[in-house]
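Thanks for asking me to look this one over. I have put my remarks as numbered points, so you can follow them with the structure open beside you.

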Amino acid sequence: MSSSEKLAMFLNILAHYEKNISIKVDYVRSGWSVSQAFNECLRVVLRLAPLLLVNPKPVLEDEIEDQWRWFKGCLGALDGTFIQIRVLSEYKPRYKTRKGEIATNVLGVCDRNFNFTYVLPGWEGSATDGRVL
């Protein structure tokens, strides 16, 4: 099996919450092969984690810039946003926002350099900010 096919399976499982059996059918592979390919990709991603993931640095106690000195020890700022999506009609009531749009609720955290340090996508539009948090 090619590395491209392994990566495609891995991303398909992660992005669509697919089960082993459906990937097995889609890619015409055995369940064992799908499991091995997923685990291989996962091991590679975990080895790359130190390069891909960076720990945020808190605002220091002796911050010189006026705009940041009020946020001593702060790692970042969080906020939620809605992203419009298309879903099957049976799921529309769950994803309907209070304004009547069909959307998913996404929580994001940014550091002071405006780099995302955390993203939590996939909540229904009807979910409150407190529930997502």
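1. Let me start with a loop residue. Leu53 sits in the loop between α3 and β1, and with a relative accessibility of 62% it counts as exposed. Which nonpolar surface patch does Leu53 belong to? Leu53 joins Val44, Val45, Leu48, Leu51 and Leu52 in a patch of about 580 Å².

2. Please keep in mind that this is a predicted model. The mean pLDDT of the protein chain is 86, and 98% of the residues score at least 70. Which element has the lowest mean pLDDT, and which the highest? Helix α5 (residues 129-132) has the lowest, at 71, while α3 has the highest, at 93. I would read remarks on these two helices with those values in mind.

3. Now to the charged pairs. Four salt bridges are counted in the model, and I will go through three pairs here. As general background, side chains of opposite charge can pair when their charged atoms come close.

4. Lys6 and Glu40 form a salt bridge, with 3.0 Å between the closest N and O atoms. This pair links distant parts of the chain: Lys6 belongs to helix α1 (residues 3-16) and Glu40 to helix α3 (residues 31-52), 34 residues apart. Are the two partners buried or exposed? Lys6 is buried, because its relative accessible area of 17% falls under the 20% cut-off. Glu40, at 36%, is partly exposed.

5. A salt bridge also joins the side chains of Glu63 and Arg112, at 3.1 Å from N to O. Here too the pair links distant parts of the chain, 49 residues apart. Glu63 is in the loop between α3 and β1 (77-84), and Arg112 is in the loop between β2 (103-110) and β3 (116-124). Glu63 counts as buried, with a relative accessibility of 17%, whereas Arg112 counts as partly exposed at 24%.

6. Arg94 and Glu124 make a further salt bridge, their closest N and O atoms lying 2.8 Å apart. Glu124 is part of strand β3 and Arg94 part of helix α4 (residues 92-95), so this pair ties together parts that are 30 residues apart in sequence. Glu124 is buried, with a relative accessible area of 15%, and Arg94 is partly exposed, with 38%.

7. Next, the strands. How do β1 and β2 pair? They run antiparallel, with eight bridges between them. Within this pairing, Asp79 stands opposite Gly108 in β2. On its other pairing, β2 is joined to β3 by six bridges, again in the antiparallel sense. You can trace the β2-β3 register from two bridge partners in β3: Phe116 for Cys110, and Leu120 for Leu107.

8. Why is β2 described as largely enclosed by the rest of the structure? The reason is that seven of its eight residues are buried. When you look along any of these strands, it may help to recall that in a regular strand the side chains alternate between the two faces of the sheet.

9. The turn of the hairpin deserves a look. β2 and β3 form this hairpin with five residues between them. Phe114, found in the loop between β2 and β3, has a positive phi of about 65° although it is not a glycine. At 68% relative accessibility, Phe114 counts as exposed.

10. Tyr17 is another residue whose backbone I would check. Its phi is near 50°, a positive value in a residue other than glycine. Tyr17 is placed in the loop between α1 and α2 (20-27). With 69% relative accessibility, Tyr17 counts as exposed.

11. Finally, a word on the cysteines. How many disulfides does the structure hold? The count is zero. Cys110 is in no disulfide, and the nearest cysteine sulfur, that of Cys74, is 11 Å away. That distance is not within the 2.5 Å needed for a disulfide. Cys41, for its part, counts as buried, with 12% relative accessibility.

How values were computed. Residues are numbered from 1 along each chain as its sequence is written. This is a predicted model: local features need pLDDT of at least 70, side-chain atom pairs count only at pLDDT 80 or more; totals for chains, interfaces and linings use all residues. Side-chain values use heavy atoms; hydrogens and water are left out. Helices (H or I, at least four residues) and strands (E, at least two) are DSSP runs, numbered from the N terminus. Buried means under 20% relative accessible area, exposed over 50%, partly exposed in between (1.4 Å probe, protein chains only). pLDDT is the predictor's confidence in each residue, from 0 to 100. Two strands pair if DSSP finds at least two bridges between them. Patches are made of residues with over 30% relative accessible area and no salt bridge: like charges are joined within 9 Å, nonpolar side chains (Val, Leu, Ile, Met, Phe, Trp, Tyr) within 5 Å. Accessible areas come from the Shrake-Rupley method with a 1.4 Å probe; for residues, only the protein chains shown count as cover.
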